[in-house]
Amino acid sequence: MRRSTFLGMGGYDPDVLFENLELIRTVRAYGGTEAAPAWLYVRRLPPDAAHFRGQRVRQAYDDLAQPARLLTALAVLPALAAAVAARRPGPLLGAAAGVVALAEVGRRRAGGGAVFPAATALAAPIWLLERGVCGWLAVGQRLLFGGVPYAGTRIRHAAHTVRALQKHLR
């Protein structure tokens with residue numbers, strides 16, 4: 001980002017959970033553009049298991065800023081419950097196979113096959129189930145406690161909408 005753009009837009013609100021999305025949306029609201037090269041991979045080292053578990057609901061809380069993603073995550077548990085209640089494993093197995101296939105397409109996109117192991121796509125149904133559970137827990141955090149705990153405080157907003165940011169920038 002150009003320094004002049006950042007200063008011109010007055011920075012961005014750091015008091016949100018999904019700071020990267022907030023920054024991107026603020027730049028867009030200011031009239032800037034985003035470059036997201038699909039071929040650019042950044043190596044990330046996983047945290048220890050306790051830290052990983054501790055951030056799962058907080059990361060799902062980010063989806064409150066992305067309604068379509070949140071609704072998809074929230075639909076997982078009811079759909080699973082309906083399939084189990086109907087005692088119809090076929091649709092459940094079909095959905096799991098579809099999720100694995102979609103994950104594999106994503107893994108191979110933009111040279112990802114050279115970066116991510118082939119078995120990665122097999123974990124997609126488990127990740128989707130975990131995200132469904134954590135999505136409901138994140139919504140519960142929002143409704144019951146007004147936000148999600150982070151660094152000794154409680155954060156209410158995952159990120160602002162572009163429309164709200166445009167209104168603020170005017």
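**Two pockets and a bent helix**

The second largest pocket of this predicted model has a volume of about 300 Å³. Its lining comes from Val76, Ala79, Leu80, Ala83, Pro91, Leu92, Ala95, Ala96, Val99, Pro125, Leu128 and Leu129. Three helices, α4, α5 and α6, each give two or more residues to this lining. The largest share is that of α5, with five residues. In chemical terms, the lining has 12 nonpolar residues, no polar ones and no charged ones.

Now turn to the largest pocket. About 2,600 Å³ of space lies in it. It is lined by 43 residues, and the closest to its centre are Arg44, Gln59, Arg69, Phe116 and Trp127. The elements that give two or more residues here are α2 (19-30), α3 (49-61), α4 (67-85), α5 (89-108) and α6 (124-145). The lining of the largest pocket divides into 25 nonpolar, seven polar and 11 charged residues.

One of the contributors to the largest pocket, α3, deserves its own look. Helix α3 bends by about 35° at Gln55. What span should its 13 residues have? At 1.5 Å a residue, α3 should span 18 Å, and its end C-alpha atoms are 19 Å apart, so the two values agree.

Gln55, the site of the bend, is also one of the buried residues of α3. The others are Arg56, Arg58, Ala60 and Tyr61. What do these buried residues pack against? Their partners are α6, β1 (148-150) and β2 (153-155). Helix α6 thus appears in each part of this tour: it gives residues to the lining of the largest pocket, gives residues to that of the second largest, and packs against the buried residues of α3.

Conventions:
Residues are numbered from 1 along each chain as its sequence is written. This is a predicted model: local features need pLDDT of at least 70, side-chain atom pairs count only at pLDDT 80 or more; totals for chains, interfaces and linings use all residues. Side-chain values use heavy atoms; hydrogens and water are left out. On a 1 Å grid over the protein atoms alone, a cavity is a set of points where a 1.4 Å probe fits but cannot get out, and a pocket is an open set with protein on both sides within 12 Å along at least five of seven lines; lining residues have an atom within 4 Å of a point. Grid points are joined across faces, edges and corners, and a volume is the space filled by probe spheres set on the points. Helices (H or I, at least four residues) and strands (E, at least two) are DSSP runs, numbered from the N terminus. Ala, Val, Leu, Ile, Met, Phe, Trp, Tyr, Cys and Pro count as nonpolar, Asp, Glu, Lys and Arg as charged, and the others, Gly among them, as polar. The expected span of a helix is 1.5 Å times one less than its number of residues. The bend at a residue is the angle between axes fitted to the seven residues ending there and the seven starting there. Buried means under 20% relative accessible area, exposed over 50%, partly exposed in between (1.4 Å probe, protein chains only). Contact means heavy atoms within 4.5 Å.
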